[in-house]
Amino acid sequence: MAKRIVIELTNRCNLACQHCFSGRHGGNDDLSLDLLEKVFVEAKKLGFEHLTFTGGDPTVYKYFDELLAKVAEHDYRFSFVTNGYNFATSHKKILPYLSNLEQITFSLDGASEATHGALRGKHSYKQVIAAMRLAKDLDIPFSNNMVITRHNQHEIKDLAELAYRLGSSGLRFGHLMHSPITTANGWDLSLTERQQVEWKIWQLQAEYVARLPIAMAPGFSTEQLFPCAPLNMMEVNIDSQGNITKCCHLSSHGPIASQDDIVGNLETLSFTEGFLKLVAGNERLKRIKQAHFASGANEDDKSPCWYCSKYFKKVDWLKEFPENPWTRSLEDPKTQRIKLM
Ligand SMILES: C[S@@+](CC[C@H](N)C(=O)[O-])C[C@H]1O[C@@H](n2cnc3c(N)ncnc32)[C@H](O)[C@@H]1O
Ligand code: SF4
Ligand code: SF4
């Protein structure tokens, strides 16, 4: 995998999904083109070749046209994640840049209108299916993401079949990061339930091997301590306020007070300075994680994104949900040993 920068272009969105942190879709920020220019120039020199755009929804970014021109001017490959809601119009902006486009990822969180719509709202299913059909007709490469919750886990196989039939080039399942609405709805799976779903996904992967590449996003149970691109310095994340952050999974997660995943801001730092601070911060994070596991970690900590959420104090609010299957792990004395340094 090429080294990439994941850029949250905006925290504005045309949807307000149940599972999404309000800071990611209810804001008012759009990155400036000047900031992006600075990043694109410096990142090339550090060996970055690929940009992934996220948000909010990238297609509602204020300077989307100018951004695409800039990506081509600096000769990056790019991809972006979108809800597909306005693809009937936004695709026209992308057509001139297909030679730079790796793929578009459409988020598809259910194989039926009822299931996808329960997370993403009325009409969202119809719109994303139309977007995938249009992309297929126009030969625009696309893949899909699905976030697994208690309410949609029964549709993973139907979703693989749907994605395959609509011409998707790959499907990536991901576990839900705890969010207040999904937690209140009882949609968080326990560690054991997650592992059962993971098992089904690995089976599905084998079943679809000749038809559709199926993968899981980092966050599945593993004995590896550093299982993802951010921790291996293969991915740098920039949020919609210009902060370099440890990981896009953590961005806008938890209360304002829990922002130790922010390394610095690109209004004051050069990209190179921010990158070096990130390298140092990640090395520290990795040493702490190694020490924590060497002294005997809680089972839930083997869920890597959960470990990060807990480490950065993004999930302390879960204590208000004592019945949630993950809350007890916050109280575990082994967890109390994890200390930010
Ligand atoms: C934040 S969205 C931004 C891009 C675009 N608006 C979309 O929905 O595809 C990027 C991805 O994060 C996922 N996501 C949102 N909230 C999440 C959560 N609490 N846990 C895990 N993934 C989440 C979305 O489903 C989507 O696939
Ligand atoms: S998941 Fe994507 S589409 Fe849904 S509210 Fe968040 S940013 Fe918007
Ligand atoms: S939250 Fe942590 S473990 Fe999960 S992808 Fe991000 S850096 Fe990796």
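**Cavities**

I looked up the second largest cavity and its lining, which divides into 3 nonpolar, 1 polar and 2 charged residues. I was working with a predicted model. The lining consists of Ile 148, His 175, Leu 176, Asp 188, Leu 189 and Arg 194. I noted about 30 Å³ of space in this second largest cavity.

I then asked how many cavities of 30 Å³ or more a search of the whole structure finds. The search gives 2. For the largest cavity I wrote down a volume of about 90 Å³. It has 13 lining residues, and Leu 176, Met 177, Arg 194, Cys 305 and Trp 306 are the closest to its centre. Leu 176 and Arg 194 also appear in the lining of the second largest cavity. By class, I have 5 nonpolar, 7 polar and 1 charged residues for the lining of the largest cavity. Which helix gives the most to this lining? I found helix H11, residues 304-311, with 3 residues.

**Second largest pocket**

I moved on to the second largest pocket, which holds about 300 Å³ of space. I listed 20 lining residues, with Gly 23, Ser 251, Ser 252, Ile 256 and Gln 259 nearest the centre of the pocket. The class split of this lining is 4 nonpolar, 12 polar and 4 charged residues.

**Ligand shells**

I checked ligand 2 next. Around ligand 2 I found Cys 13, Leu 15, Ala 16, Cys 17, Cys 20, His 25, Gly 56, Asn 83 and Arg 120. I recorded 5 nonpolar, 3 polar and 1 charged residues for this shell.

For ligand 3, I found a shell made of Pro 218, Cys 228, Leu 231, Cys 247, His 249, Pro 304, Cys 305 and Cys 308. This shell divides into 7 nonpolar residues, 1 polar and no charged. Cys 305 of this shell is also among the residues closest to the centre of the largest cavity.

**The sheet**

I traced an open sheet of 10 strands with mixed pairing, in the order S9-S8-S7-S6-S5-S4-S1-S10-S11-S12. Which strands stand at the edges? I have strand S9 (214-216) and strand S12 (262-265) there, each with a single partner strand, so one side of each lacks a neighbour in the sheet. On average, neighbouring strands of this sheet are turned by 25° against each other, direction ignored.

I looked at one strand pair in detail. Strand S4 (residues 50-54) and strand S5 (residues 77-82) run parallel and are joined by 4 bridges. For His 50, I found Arg 77 as the bridge partner in S5.

**Helices across the sheet**

I noted helix H2 (residues 33-45) lying across strand S1 (4-8), S4 and strand S10 (235-238). Helix H2 runs at about 175° to S1. Helix H10 (residues 271-294) lies across S1, S10, strand S11 (243-245) and S12. I have helix H10 running at about 30° to S11.

**Val 60**

I ended with Val 60, which I placed in the loop between S4 and helix H3 (64-73). How many residues apart in sequence are Val 60 and Asn 14? They are 46 residues apart in sequence, and I have 7.4 Å between their C-alpha atoms. Neighbours within four places in sequence left aside, I found Val 60 in contact with Thr 10, Arg 12, Cys 13, Asn 14, Asp 30 and Asn 86. Of these contacts, I had already entered Cys 13 as one of the residues around ligand 2.

Conventions. Residues are numbered from 1 along each chain as its sequence is written. Chains are lettered from A and ligands numbered from 1 in the order in which they are written. This is a predicted model: local features need pLDDT of at least 70, side-chain atom pairs count only at pLDDT 80 or more; totals for chains, interfaces and linings use all residues. Side-chain values use heavy atoms; hydrogens and water are left out. On a 1 Å grid over the protein atoms alone, a cavity is a set of points where a 1.4 Å probe fits but cannot get out, and a pocket is an open set with protein on both sides within 12 Å along at least five of seven lines; lining residues have an atom within 4 Å of a point. Grid points are joined across faces, edges and corners, and a volume is the space filled by probe spheres set on the points. Ala, Val, Leu, Ile, Met, Phe, Trp, Tyr, Cys and Pro count as nonpolar, Asp, Glu, Lys and Arg as charged, and the others, Gly among them, as polar. A residue is near a molecule or strand if one of its heavy atoms lies within 4 Å of it. Helices (H or I, at least four residues) and strands (E, at least two) are DSSP runs, numbered from the N terminus. Two strands pair if DSSP finds at least two bridges between them. Axes are lines fitted to C-alpha atoms, for helices over the stretch in contact, and angles run from 0 to 180 degrees between N-to-C directions. Contact means heavy atoms within 4.5 Å.
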